[in-house]
Amino acid sequence: MPHSKRARLHSLGFASALRETFREGYSRHDFLRDLVAGVTVGIIAIPLAMALAIASGVSPEYGLYTAIIAGFLIALSGGSRYSISGPTAAFVVILYPVTQAFGLAGLLVATLMAGMILVALAVARLGRLIEYIPESVTLGFTSGIAIVIAVLQLKDFFGLDVEASSEAFIERLIDLIAALPGLNLANTCVAALTLGILIVWPKLKLPIPGHLPAIILGALLAAAFIHMGWSVDTIGSRFSYELPDGQMGSGIPPFLPSFEWPWMRPGPNGEPLEWSWSTIRALLPAAFSIAMLGAIESLLCAVVLDGMSGRRHHANGELLGQGLGNLAAPFFGGITATAAIARSATNYKAGAKSPISSMIHALVVLAGLLVLAPMLSWLPMASMAALLVMVAWNMSETPKVVALLKRAPKGDIIVLLTCLSLTVLFDMVLAISAGIVMASLLFMRDLAGMTRFNDITQQRKHVPNGVPEGWKVLKVSGPLFFAAAERVFDELAAYIQDQQGVVLYMDGVPLLDAGGLHGFERFTVFCEKNNIHVITADLQFQPLRTMARAGIKPAPGVQFSPTLEEALVLVNSVAHSR
């Protein structure tokens, strides 16, 4: 690779986490710790990847392909040392409707497009994106996603016979409630046992992840029910694949993921995706949603890991890694991937030292696909549903939501509830967009409320010798931007309309935008018409530069002074000359 290209990749943060690891020194002991952590997370990732693929509307093996391909590439090229990438619960609400409308091919093409957007975000150096999304928005849409995921699992959790699931949340919920009298007792018992173990296991404080015993015991109970003649849905009974000789196998194909153009995979009618401008237009919003959520999730995960480890991730490098992983995975059947907070935290707590643990995790999933496929086919769908119900609960961050509802300002509470409701009832992109707009407007309202002026004419600390009759010294504080400037300057005009002159002491004004500039010019025109002399004192750098660029210069009735002391000297001079 030419030096210039290599330098550009380095500047973007390509493989920054891995390069930093080797720059600091990587020992045999570090590798052993990565090995233990990678195996631990890999064991957890196998059932989760399958469950999340099923929830996204595709066969379980595609979740494994995602963890293998994207998980390895993102770790290799990304900027977060401890992140584990693969299928995540947050994407389910976006991916499921895409799969229903466009099939596997449409989902893979949307993922490919999202990968391009993520790479573009990295090239544009937008890695600090997460800093501009308020916590109320993040908690709102993640809690809403958790509710949708939990509701989607009710069908398999209770073994309900629901013919067609509506895309509308309320209608889907009504259909599920109507089907409850026909619940499958065996499926429900398997799900309840799995969920119970997942809840109780962490309290035992054992080194083995709870996912493994929960899934194994759920499968054993399902096998016992099947032996007794009861009906229990399993991965093997629900999914099938075609063998090289044309025969059909049940469950998961024990083969390596094969290269195939994403658009040549089965579309909505089982045929390859038909390319057209309308198809691209239909997939683009989903791709944008995937990219934005992937960026938010991966950067949020990296920030959480930074807090746990005391290290700092490379934000643009992580976005680049996520983009490259989502660009490559669809060619091997991998669906959308991003960093998962729960698996990444487990990775760090298991002793991980570098991104190599994430690469090992991908290899463990690969080994599981090749060796354990026949056994994985016996996993009950009810256990998969229980696993995702637990993921949804953890994702909802209920304690944080409750704390925010109790302690946060009313504006943040409104934003959170709005984001949550819109995510559940309509669309996550609408929820995030509306939440950010609402939060921005509320923030500007609060910021504008901080901009005010005080009459300091009689304060001897600022005006030790007083000013002549008919003059006021007014201290302006706060940013003079479009949301505050008109109000403040109108109030100033009303306050001094019967005065001979005014000193605007502006050392407390850090910002002056176009709206503030327009308000200032209107104010000086008002003062000129009313024969009121204006002296502006102690402008900070940004407001001074803004006025200079706008060509505002001293005039007979408008003067500028570097300090308040010099402005007061000017007051006496002007007052005596009148």
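Of the 578 residues in the protein chain, 52% are buried. The model is a predicted one, and its chain holds 24 helices and nine strands. Measured out along the principal axes, the C-alpha atoms occupy a box of roughly 105 × 60 × 55 Å. The accessible surface amounts to about 26200 Å², and carbon and sulfur atoms account for 63% of that area.

Contacts that span the sequence are a further point. Taking contacts between residues at least 6 apart in sequence, 80% join residues at least 24 apart. As for charge, the chain carries 39 positive and 39 negative charges, and the mean positions of the two sets lie 9 Å apart.

Two buried residues show how parts of the chain are placed relative to each other. Leu118 belongs to helix H5, which covers residues 92-123. Leu118 counts as buried because its relative accessibility is 2%, under the 20% limit for that class. Leaving aside residues up to four places away in sequence, Leu118 touches Ala291, Ala295, Leu319, Gln322, Gly323 and Asn326. Met228 is 110 residues from Leu118 in sequence, and the C-alpha atoms of the two are 51 Å apart in space.

Met390 sits in helix H17, residues 381-396. Met390 is also in the buried class, because its relative accessible area is 17% and the class takes values under 20%. Outside the residues up to four places away in sequence, Met390 touches Leu195, Leu198 and Ile199. Thr194 is 196 residues from Met390 along the chain, yet their C-alpha atoms are separated by 9.8 Å.

The surface also has a nonpolar patch, with an area of about 830 Å². The patch is made by Phe31, Leu32, Leu35, Val39, Ile43, Leu193, Ile208, Leu212, Ile216, Leu217 and Leu220. Two helices, H3 (28-55) and H10 (211-227), each supply at least two of these residues. H3 gives the largest share, five residues. Val39, one of the patch residues, is found in H3. Val39 is classed as partly exposed because its relative accessible area is 33%, a value that falls between the 20% and 50% limits.

Two loop residues stand out by their backbone angles. Arg125 is not a glycine, but its phi is positive, near 60°. Arg125 lies in the loop that runs between H5 and helix H6 (135-152); H5 is also the helix that holds Leu118. With a relative accessible area of 42%, Arg125 is partly exposed.

Asn531 likewise has a positive phi, about 55°, without being a glycine. Its loop lies between helix H22 (514-529) and strand E8 (533-537). Asn531 counts as exposed because its relative accessibility is 55%, and the exposed class begins over 50%.

Key. Residues are numbered from 1 along each chain as its sequence is written. This is a predicted model: local features need pLDDT of at least 70, side-chain atom pairs count only at pLDDT 80 or more; totals for chains, interfaces and linings use all residues. Side-chain values use heavy atoms; hydrogens and water are left out. Patches are made of residues with over 30% relative accessible area and no salt bridge: like charges are joined within 9 Å, nonpolar side chains (Val, Leu, Ile, Met, Phe, Trp, Tyr) within 5 Å. Accessible areas come from the Shrake-Rupley method with a 1.4 Å probe; for residues, only the protein chains shown count as cover. A salt bridge is a side-chain nitrogen of Lys or Arg within 4 Å of a carboxyl oxygen of Asp or Glu. Helices (H or I, at least four residues) and strands (E, at least two) are DSSP runs, numbered from the N terminus. Buried means under 20% relative accessible area, exposed over 50%, partly exposed in between (1.4 Å probe, protein chains only). Contact means heavy atoms within 4.5 Å. Lys and Arg count as positive and Asp and Glu as negative; His and the chain ends are not counted. The place of a charge is taken as NZ of Lys, CZ of Arg, CG of Asp or CD of Glu.
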